[in-house]
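User: I should like to work through a protein model step by step, with short questions and reasoned replies. Please show it to me before we start.

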Amino acid sequence: MTPAMVQDRLAPENIESFVNDCLREDLKLYEQQLNRLNADIMEYVQLKNMIENIQENSGEGFKTQVNIGGNFFMKAKADRVQRILVDVGLKHFLEFTLEEALKFVDMKVKVLTKQADVIRDKSVETRANIKLALMVIGDKNMMYADTER
């Protein structure tokens, strides 16, 4: 690359378009992924709380409402709950004992939390790159203003 090509690439307009077209879009994607992962984590935490509640009240069963489709709910009563079906991903369900389900949920929350941490780190790095690029634009504008005087 010639020095003129490098200078052209580092022009404030090119840096600004890179920030707006690439970095800010990456940041939006990271935030969407993070929101999805946080929603999944919350679902598994709710499942864990439900399993623990079932274990505490295992002798008497429990009453609940079941979604039968189209957000229509029907009252249900479970007398015995030794095994439950858990969505393990991709709409595949496995039958677990309550203890196995708790172990699975704990493992799944740890995995999802690590994935969220990785995406959070990428988001922080992208924000830092945006700030750096904006600082470069500001410095270049200051240099152009000084040379014009």
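The exchange below concerns a predicted model.

User: In what order do the elements of the protein chain run from the N terminus on?

Analyst: The model is predicted, and its protein chain holds three helices and four strands. Read from the N terminus on, these elements follow the order α-α-β-β-β-β-α.

User: What share of the residues of the protein chain count as buried?

Analyst: A residue counts as buried when its relative accessible area is under 20%. The protein chain has 149 residues, and the share of them that counts as buried is 23%.

User: At which residue does helix 2 bend by about 35 degrees?

Analyst: Helix 2 has 45 residues, and 66 Å would be expected for it at 1.5 Å a residue. From its first C-alpha to its last it reaches 63 Å, close to that expected value. The helix nevertheless has a bend of about 35 degrees, and the residue at which this occurs is Val 19.

User: Which element gives the most residues to the lining of the largest pocket?

Analyst: The largest pocket has a volume of about 630 Å³, and 22 residues line it. Two or more lining residues come from each of helix 2 (12-56), strand 3 (83-89) and helix 3 (98-148). With seven residues, the element that gives the most is helix 2.

User: How many residues of the lining of the largest pocket are nonpolar?

Analyst: Leu 47, Leu 85, Val 86, Asp 87 and Phe 93 are the lining residues nearest the centre of the largest pocket. Across the lining as a whole, seven residues are charged and two are polar, while the number of nonpolar residues is 13.

User: Is Ser 123 buried or exposed?

Analyst: Ser 123 is found in helix 3. Leaving aside neighbours within four places in sequence, Ser 123 is in contact with Leu 27 and Tyr 30. Its relative accessibility is 4%, and because the cut-off is under 20%, Ser 123 counts as buried.

User: Why does Gln 33 count as partly exposed?

Analyst: Gln 33 lies in helix 2. The class "partly exposed" covers residues between the limits of 20% and 50% relative accessible area. Gln 33 therefore belongs to this class because its relative accessibility is 32%.

User: How far apart in space are Gln 33 and Ile 119, C-alpha to C-alpha?

Analyst: In sequence, Gln 33 and Ile 119 are 86 residues apart. In space, the distance between these two residues, C-alpha to C-alpha, is 7.6 Å.

Key: Residues are numbered from 1 along each chain as its sequence is written. This is a predicted model: local features need pLDDT of at least 70, side-chain atom pairs count only at pLDDT 80 or more; totals for chains, interfaces and linings use all residues. Side-chain values use heavy atoms; hydrogens and water are left out. On a 1 Å grid over the protein atoms alone, a cavity is a set of points where a 1.4 Å probe fits but cannot get out, and a pocket is an open set with protein on both sides within 12 Å along at least five of seven lines; lining residues have an atom within 4 Å of a point. Grid points are joined across faces, edges and corners, and a volume is the space filled by probe spheres set on the points. Ala, Val, Leu, Ile, Met, Phe, Trp, Tyr, Cys and Pro count as nonpolar, Asp, Glu, Lys and Arg as charged, and the others, Gly among them, as polar. The expected span of a helix is 1.5 Å times one less than its number of residues. The bend at a residue is the angle between axes fitted to the seven residues ending there and the seven starting there. Buried means under 20% relative accessible area, exposed over 50%, partly exposed in between (1.4 Å probe, protein chains only). Contact means heavy atoms within 4.5 Å.
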